[in-house]
Amino acid sequence: RVYPLTIKDHQESALRKSAKRIEATVKKLEESYAVQDKQDVLAMCALQLASRLEKVQLDQMVNGNEVAEQIDKLTEKIQQAIG
């Protein structure tokens, strides 16, 4: 289906890529599983994409914590050197 959206010009590329990723995921799921209902395939697709997003966000949080720890260590070393 076509869904009319109002978006900014700079969002178009990302939206088109997202649509292609959804289409590819749906196709892969349809080929891999004997699912008759399109709504079930779309639900599986949504779950898979949300799971990937959650993993990326978790990975970024872990990396952010590591960076914060390194900054704290450097700050402590600087304070020791100064004072």
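Colleague: Which helices each supply at least two residues of the lining of the second largest pocket?

Modeller: Both α1 and α2 do so, and of the two it is α1 that gives the most to this lining, with 5 residues. A helix here is a DSSP run (H or I, at least four residues; a strand would be E, at least two), numbered from the N terminus. This is a predicted model, in which local features need pLDDT of at least 70 and side-chain atom pairs count only at pLDDT 80 or more, while totals for chains, interfaces and linings use all residues. Residues are numbered from 1 along each chain as its sequence is written, and side-chain values use heavy atoms, with hydrogens and water left out.

Colleague: Which residues line the second largest pocket?

Modeller: A pocket is an open set of points on a 1 Å grid over the protein atoms alone, where a 1.4 Å probe fits, with protein on both sides within 12 Å along at least five of seven lines, and a lining residue has an atom within 4 Å of a point. Here the lining consists of Ala14, Lys17, Ser18, Arg21, Ile22, Leu49, Arg52 and Leu53.

Colleague: How many residues does α1 give to the lining of the largest pocket?

Modeller: In that pocket α1 (12–32) gives the most to the lining, with 9 residues, although α2 (38–82) also supplies at least two. The largest pocket holds about 830 Å³ of space, a volume being the space filled by probe spheres set on grid points joined across faces, edges and corners. Of its 19 lining residues, the closest to the centre are Arg1, Val2, Tyr3, Ala19 and Glu23.

Colleague: Which residues of α1 are buried?

Modeller: Burial is judged by relative accessible area, with under 20% called buried, over 50% exposed and anything in between partly exposed (1.4 Å probe, protein chains only). In α1 the buried residues are Thr25, Val26 and Leu29. Seen down the helix axis, these buried residues fall within an arc of 100° (taken from the directions from the axis to the C-beta atoms), so they line one face of α1. The face turned away from this buried side carries the exposed residues Arg16, Lys17, Lys20, Glu23, Lys27, Lys28 and Glu31, while what covers the buried residues includes α2.

Colleague: What does Leu29 touch, not counting residues up to four places away in sequence?

Modeller: Contact means heavy atoms within 4.5 Å. By that rule, and with those sequence neighbours left out, Leu29 of α1 touches Val41, Met44, Cys45 and Gln48. Leu29 has a relative accessible area of 7%, and is therefore counted as buried.

Colleague: Is Cys45 buried or exposed?

Modeller: Cys45, which lies in α2, is buried, because its relative accessible area is 3%. Leaving out residues up to four places away in sequence, Cys45 touches Ile22, Thr25, Val26 and Leu29. The C-alpha atoms of Cys45 and Lys73, by contrast, are separated by 42 Å, with their positions 28 residues apart along the chain.

Colleague: Where is Lys38 placed, and what is it in contact with beyond its neighbours within four places in sequence?

Modeller: Lys38 belongs to helix α2 and is in contact with Val26 and Glu30 once those neighbours are set aside. Lys38 and Val26 are 12 residues apart in sequence and 9.0 Å apart in space, C-alpha to C-alpha. With a relative accessible area of 45%, Lys38 is partly exposed.
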